[in-house]
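These are my notebook entries on a structure that I had not consulted before. I set down what I looked up, entry by entry.

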Amino acid sequence: MPYHKHFCVPEGRYYLSHSVGCLTSAAQQCMQNAFIEPWATKAGDAWPNWLDTLEAFCGELASLFSVAPTDICPQPSVSSGFSHYLASLPRKKNDKRNKILMHADAFPTMGFVVAALKPRGFDLVLIDEAEPADDPAVWQRHLTSDVLAAVITHVHSNTGIVSPVADIAAQCRAAGVYSVVDVAQSAGVMVVSPADWGVDAVVGSCVKWLCGGPGAGYLWIDPGHASDLAPEHVGWFSHEHPFEFDIRSFRAIKTARKFWGGTPSIAPYALAHGSLKTLREIGYDTLRTHNLDLKKIALKGLPANQLMRRPPEAVGGTLCLELDPQKIETVIKRLKEENSHFDQRGTTVRLSFHVYNSTADANAVNGALKSVF
């Protein structure tokens with residue numbers, strides 16, 4: 001592929017973009033130019049350069065999500081953004097709403113965050129694994145009068161199932177429930193459109209399909225909802241005028257940036273900005289189309305309905321292939337013979353195709369699967 005040259009791809013066949021996207025050469029250059037060089041040459045005077053880098057990072061995400069940059073706040077991780085958001089939600093004194101609803105197939109960190117907030121009165125409620133996460137009727141049944149917020153996983157990491165976010169969010173609004181969407185497994189390879197979805201908040205990370213490395217997380221807040229929120233984790237960068245330096249006067253920014261907190265990290269966002277710029281130049285539509293094309297090649301001539309819970313065009317970017325123990329052992333052996341990088345969750349093998357993957361990579365997967373079918 002002509003795009004392979006822009007990425008540092010490990011030797012062998014790399015199918016782990018759902019875990020860690022490959023480093024781009026532009027990210028390395030951006031780290032040097034936007035973070036290290038200003039620090040080395042300007043020291044304390046590097047801040048204007050560094051803040052420009054943060055704004056550029058938010059601008060790239062804003063362009064991808066079709067939102068305003070000011071409605072995106074950098075966060076170190078999905079967990080951090082989600083925790084700060086939940087703790088900031090307004091709650092009336094006698095309000096019985098204290099349940100945080102999510103599907104049991106949500107990424108575990110989301111449940112851990114709610115469990116840690118139990119002393120504040122939050123209770124985790126899980127929709128059982130046996131109930132389909134992409135059925136709006138299932139969510140409708142669980143949006144009871146004691147639910148405060150619903151966490152919607154856009155793409156489920158272990159099944160590839162895609163949630164109908166807009167439909168679920170509409171049900172949440174009708175029930176008076178806040179809606180939060182986890183886009184960690186979808187941003188870049190799927191369309192993420194918070195405004196069109198009609199959700200209250202979105203949390204995500206650049207470490208996977210966006211090839212931005214760990215530490216470059218983000219929190220988007222609906223601009224009409226931001227004024228309702230009172231973050232407990234604040235700092236001078238949460239101030240509407242951070243350089244005012246009056247200890248007696250804290251006035252929070254009126255946008256998502258109120259969640260910024262203290263002195264921000266720069267390095268993770270410098271790296272991520274370089275990768276986001278590369279992907280924008282390649283084209284996110286190119287990534288999505290290439291991903292689907294390679295998934296079809298990988299499954300050609302195979303009973304996809306026996307391997308996946310949904311058709312390849314109806315899942316996220318990752319092939320989550322469910323195999324019985326005997327077959328999985330053979331498939332894994334074949335993949336390892338190809339020096340493949342992939343992972344396994346129980347009897348599910350997970351393989352992802354990015355723009356740096358080739359037709360040969362897809363054919364290798366196809367050959368490994370055909371060895372047991």
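**Entry 1: the second largest pocket.** I looked up the second largest pocket of this predicted model and found a volume of about 190 Å³. I counted 16 residues in its lining, and P76, W260, P264, S265 and Y269 are the ones nearest the centre. For the elements involved, I noted that β4 (72-75), α3 and α8 each supply at least two lining residues. I then sorted the lining of this pocket by class and recorded seven nonpolar and nine polar residues, with no charged residue.

**Entry 2: the largest pocket.** I turned next to the largest pocket, whose volume is about 340 Å³. Which residues lie closest to its centre? I found V78, F107, T109, A184 and K208 there, out of 23 lining residues. Helices α3 (78-88) and α4 (108-116) each give at least two residues to the lining of the largest pocket. By class, I recorded eight nonpolar, 11 polar and four charged residues in that lining.

**Entry 3: α2 against α8.** Helix α8, which I had met in the lining of the second largest pocket, also packs against a helix. I noted that α2 (residues 47-65) and α8 (residues 267-282) meet at an angle of about 35 degrees, with axes 9 Å apart. The crossing of α2 past α8 is left-handed. On the side of α2, I listed T53, L54, A56, F57, E60, L61 and S63 as contact residues. On the side of α8, the contact residues are Y269, A270, A272, H273, L276, K277 and R280. Sorted by class, this contact of α2 with α8 holds eight nonpolar, three polar and three charged residues. I marked Y269 for a second mention, as this residue of α8 takes part in the helix contact and also lies among those nearest the centre of the second largest pocket.

**Entry 4: a sheet and its helix.** I looked up an open sheet of three strands and wrote down the order β11-β14-β13, with antiparallel pairing. Which strands form its edges? I found β11 (318-322) and β13 (343-345), each of which pairs on one side only. From one strand to the next, the twist averages 30 degrees. Between β13 and β14 (residues 348-352) I recorded three bridges, the two strands running antiparallel. For R345, I found T348 of β14 as the bridge partner. Helix α11 (residues 325-337) packs on this sheet and touches β13 and β14. I noted that the direction of α11 makes about 30 degrees with that of β14.

Notes:
Residues are numbered from 1 along each chain as its sequence is written. This is a predicted model: local features need pLDDT of at least 70, side-chain atom pairs count only at pLDDT 80 or more; totals for chains, interfaces and linings use all residues. Side-chain values use heavy atoms; hydrogens and water are left out. Axes are lines fitted to C-alpha atoms, for helices over the stretch in contact, and angles run from 0 to 180 degrees between N-to-C directions. Helices (H or I, at least four residues) and strands (E, at least two) are DSSP runs, numbered from the N terminus. A crossing is left-handed if the near helix is turned anticlockwise from the far one by less than a right angle, and right-handed if clockwise. Contact means heavy atoms within 4.5 Å. Ala, Val, Leu, Ile, Met, Phe, Trp, Tyr, Cys and Pro count as nonpolar, Asp, Glu, Lys and Arg as charged, and the others, Gly among them, as polar. Two strands pair if DSSP finds at least two bridges between them. On a 1 Å grid over the protein atoms alone, a cavity is a set of points where a 1.4 Å probe fits but cannot get out, and a pocket is an open set with protein on both sides within 12 Å along at least five of seven lines; lining residues have an atom within 4 Å of a point. Grid points are joined across faces, edges and corners, and a volume is the space filled by probe spheres set on the points.
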